[in-house]
Amino acid sequence: MIARGAMLGPDQPVIIHMLDIEPAMEALRGLKMELLDAALPLVQGVFVSTNVVEACKGVDIAVMLGGFPRKEGMERRDVISKNVSIYRAQASALQQYAAPNCKVLVVANPANTNALILKEVSSLPAKNITSLTRLDQNRAQALISDRLDVPVTDVKNVIVWGNHSSTQYPDVNHATVNTANGHRPVRELIADDYWLNREFITTVQQRGAAIIKARKLSSALSAASAACDHIRDWVHGTPKGTWVSMGVCSDGSYGVPPGLIYSFPVTCHKGEWSIVQGLKIDEFSRKKMDASVEELTGEKALAYSYLDP
Ligand SMILES: NC(=O)c1ccc[n+]([C@@H]2O[C@H](COP(=O)([O-])OP(=O)(O)OC[C@H]3O[C@@H](n4cnc5c(N)ncnc54)[C@H](O)[C@@H]3O)[C@@H](O)[C@H]2O)c1
């Protein structure tokens, strides 16, 4: 997708650096051969390495896919402790060798907390560190489009608040659909609060698990597509009147403790994101948003317990 311009546009040549660990190197070399064999006009170079310093040299955009996966029987704390050491090494390489204004998107789970670790252990500017919740937003948008039988592009401003986990809160209170009579609220068009407040939310929250159950692997195509959407909007800007969800460093907006990496609705302009302000939050939403704050605060405490003083 990157090589075909889905991330940075059809006119932006790319040099792709790929980092993996030694056991994956042979497969990575194969992938490099394929990328070259596709003779893609935008690809100006493909570089593969197991050395994090070499891989980070000069990169403008870093998409962090590598992490220690949660295996059967593993506790959340075990995953976080392994990721603290991985992200510490990657943070150090990024801060020393990447381009000065490198934009970072963390995809690997626990994505929000891996991004938090990157922020805490490096001098990378917090504004340049984000985590992926665009996949959750896309899933929510697709569900609404399916329910109303309208094109997915006509559904706007669905929000995903919080953690990329089952405590995330997909919120349609401010979402609209473009109709022949202008933009109309999703709640009014669906007119089924029971579905919107229950099945819709749990379907989005559990979609990742449903994909793993069906494929025996986590989402790949949709995650890659969402990562491209995330970076494209961050770099090129969000269309006027539209916002997107990104895991970003909280500044205290909407009562989310400052410093947490929390998914907010943001608009992007000239390569900078800003949190959409002034949205009315009802009691139902407040509770859901707070549940994700609580989970992220717990993950943060765990991560801190593995960081040096
Ligand atoms: N945020 C989201 O929406 C979202 C969606 C899908 C997947 N994910 C997460 O993204 C990650 C990647 O998913 P996947 O299905 O491609 O997993 P995967 O296990 O197929 O790929 C992970 C890759 O990371 C590599 N890796 C492991 N440790 C590394 C290290 N220290 N340095 C560099 N590379 C390392 C592995 O060798 C492997 O190639 C997982 O953590 C998954 O849970 C997040």
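**Ligand shell and nonpolar core**

User: Which residues come nearest to the ligand, of the 16 around it?

Analyst: Happy to start there; keep in mind that this is a predicted model. A residue belongs to the surroundings if one of its heavy atoms lies within 4 Å of the ligand. Of the 16 residues around the ligand, the nearest are Asp-20, Val-107, Asn-109, His-164 and Ser-218.

User: How do the residues of the shell divide into nonpolar, polar and charged?

Analyst: Good one to ask next. The shell around the ligand takes at least three residues from domain 1 (14–131) and at least three from domain 2 (134–300). By residue class, the shell holds eight nonpolar, seven polar and one charged.

User: How much of the ligand's accessible area does the protein cover?

Analyst: Let's go through some polar atoms first. A polar side-chain atom of Gln-90 lies 3.3 Å from a ligand nitrogen, and a backbone N or O atom of Leu-132 is 3.4 Å from a nitrogen atom of the ligand. In the side chain of Asn-109, an N or O atom sits 2.8 Å from a ligand oxygen. Of the 850 Å² of accessible area that the ligand has on its own, the protein covers 70%.

User: Which helix gives the most to the largest nonpolar core?

Analyst: The largest nonpolar core has 58 residues, and Ile-144, Trp-161, Phe-200, Phe-264 and Val-266 have the most contacts inside it. Domain 1 (14–131) and domain 2 (134–300) each supply at least three residues to this core. With six residues, the helix that gives the most to this core is H9 (residues 221–236).

How values were computed. Residues are numbered from 1 along each chain as its sequence is written. This is a predicted model: local features need pLDDT of at least 70, side-chain atom pairs count only at pLDDT 80 or more; totals for chains, interfaces and linings use all residues. Side-chain values use heavy atoms; hydrogens and water are left out. A polar contact is a pair of N or O atoms within 3.5 Å; within protein, one must be able to donate a hydrogen and the other to accept it, and residues adjacent in sequence count only if both atoms are side-chain atoms. Accessible areas come from the Shrake-Rupley method with a 1.4 Å probe; for residues, only the protein chains shown count as cover. Ala, Val, Leu, Ile, Met, Phe, Trp, Tyr, Cys and Pro count as nonpolar, Asp, Glu, Lys and Arg as charged, and the others, Gly among them, as polar. Domain bounds come from an automatic or database domain assignment. A nonpolar core is a set of buried Ala, Val, Leu, Ile, Met, Phe, Trp, Tyr and Cys residues joined through side-chain atoms within 4.5 Å. Buried means under 20% relative accessible area, exposed over 50%, partly exposed in between (1.4 Å probe, protein chains only). Helices (H or I, at least four residues) and strands (E, at least two) are DSSP runs, numbered from the N terminus.
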